[in-house]
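The following exercises concern charged side chains and their surroundings. Work through each task with the sequence and the structure at hand before reading its solution.

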Amino acid sequence: MWPFSRTGPSGFSSSSTAEEVTEGVDGRGLTAVITGASSGIGAETARVLALRGVHVVMGVRNLTAGANVKESILKEIPTAKIDVLELDLTSLASVRKFASEFNSTNLPLNILINNAGVMATPFSLSKDGIELQFATNHVGHFLLTNLLLGNMENTSHTSNIEGRIVNVSSEGHRFAYREGVRFDKINSPSEYSILKPYMLVHSVFSFAVMYILGKCPKYNYSDCFHISFGAFIACRYNQLSAYGQSKLANILHANELSKLLKGAATTCYVALNPQVQGISGKYFENSNLATPSAKATDADLAKKLWDFSLSLVG
C-alpha cells in the first residue's frame, strides 16, 4: 500500500482524484454499468466516466435520486450520455429485471462497476431471506455479473476492446472471520457481526470470478473474453475517511465535496486507465497494485463462495 500520499509506481497516490487518474483518457464508444451511482463515490464515478465520454448506465434503488444525479452531471457536461435504471440489489427479482432491461437496450457492455454496498447495518434479511449485507454487497452483484457476462463477452469479441469488471471492496477485508466466510451461519443473528460480513466477500468474489471462469474453457479471458478480471479485484474505500466523506457528501448534497472524494479515484483508474490493460485478478489501492489478504485469494474459499452463491440465486 502507498500511505501518506506517497506516489506509487502508477504515478498516483492516495491524494489523487478520479479526474487526475483518468486525465487524457478517451472513453467515447465505451458503455459502463455502475451500481449504487446515485450518491457519494458511485455518483462521482458516474460523473468522471461521463466526463471522459463513457456512456454511463446508473443502476440505482432510488430513481428520483438517480435522476437528480443525472441532471447534475448534464448541467456540467451537456454532451454526457447517461441512463438511469432501477436496481435493488436486495431483491434477486430486481437484479434480473435490471439485467433484462439493460440487455434489451442492445447497448454494448465494456465496464461493469459493482460499487453499491451497505455497511454496519443491524441484522436483517433481504427480500429473498438472505442476511442483508451479504445479499446487497455480494449475492446481488454475483447474480448481476453472471447475467451481464454474455453481453460483455459479445462486446469484447466485436470491438476487440478488453472488458473490465470492477468490484469495490475494502481494506477491512483483512479483518474478516478466521475461516473467511461462515457459509453455514450467514443467516444466524447470534453469529452476526455488523462489520465482518461486508469485509471479505467482494475480494473473494473478485478472485472467484477470475479463478473459476479463467479455468473454464468457455470463459478463457485471455483467448476468448478479452475481459480483465483484474480490474475485477478492484477498488475500494481504502480508508474509513473516504467512506465517511462519501456519506457526508450524501447528507450535504455537496457536489464539490463529491468531486474531491479520493475513494472514487481507484475505481476510475481501474475502469479506464490504460496502465491496467491486461492485468487480471489483482487488488488495487490508491490507484496502485497492492497485496490483499491470503483469504482474498484462497482458491478453495473462492470455489466454495461461487458454489454457495449459485445455490442462493437458483
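**Exercise 1.** Decide whether Glu-44 is buried or exposed, and identify the residue whose side chain meets that of Glu-44 in a salt bridge.

*Solution.* In this predicted model, Glu-44 has a relative accessible area of 2%; since buried means under 20%, Glu-44 is classed as buried. Turning to its partner, the side chain of Glu-44 meets that of Arg-47 in a salt bridge, with 2.8 Å from N to O. Both residues belong to helix α2, where a spacing of three residues separates them by about one helical turn. Arg-47 itself also counts as buried, at 5% relative accessibility.

**Exercise 2.** Determine which parts of the chain are tied together by the salt bridge between Arg-47 and Glu-76.

*Solution.* The closest N and O atoms of Arg-47 and Glu-76 are 2.9 Å apart. Because Arg-47 lies in helix α2 and Glu-76 in helix α3 (residues 63-76), this pair ties together parts that are 29 residues apart in sequence. Glu-76, at 36% relative accessibility, counts as partly exposed.

**Exercise 3.** Establish how Glu-19 is joined to Arg-47, and then name the network to which Glu-19 belongs.

*Solution.* Glu-19 forms a salt bridge with Arg-47, in which the closest N and O atoms are 2.7 Å apart. Glu-19 is located in helix α1 (residues 18-21) and Arg-47 in helix α2 (residues 40-51), so the contact ties together parts 28 residues apart in sequence. With a relative accessibility of 30%, Glu-19 counts as partly exposed. Finally, salt bridges link Glu-19, Glu-44, Arg-47 and Glu-76 in a network, while the structure holds nine salt bridges.

Methods: Residues are numbered from 1 along each chain as its sequence is written. This is a predicted model: local features need pLDDT of at least 70, side-chain atom pairs count only at pLDDT 80 or more; totals for chains, interfaces and linings use all residues. Side-chain values use heavy atoms; hydrogens and water are left out. A salt bridge is a side-chain nitrogen of Lys or Arg within 4 Å of a carboxyl oxygen of Asp or Glu. Helices (H or I, at least four residues) and strands (E, at least two) are DSSP runs, numbered from the N terminus. Buried means under 20% relative accessible area, exposed over 50%, partly exposed in between (1.4 Å probe, protein chains only).
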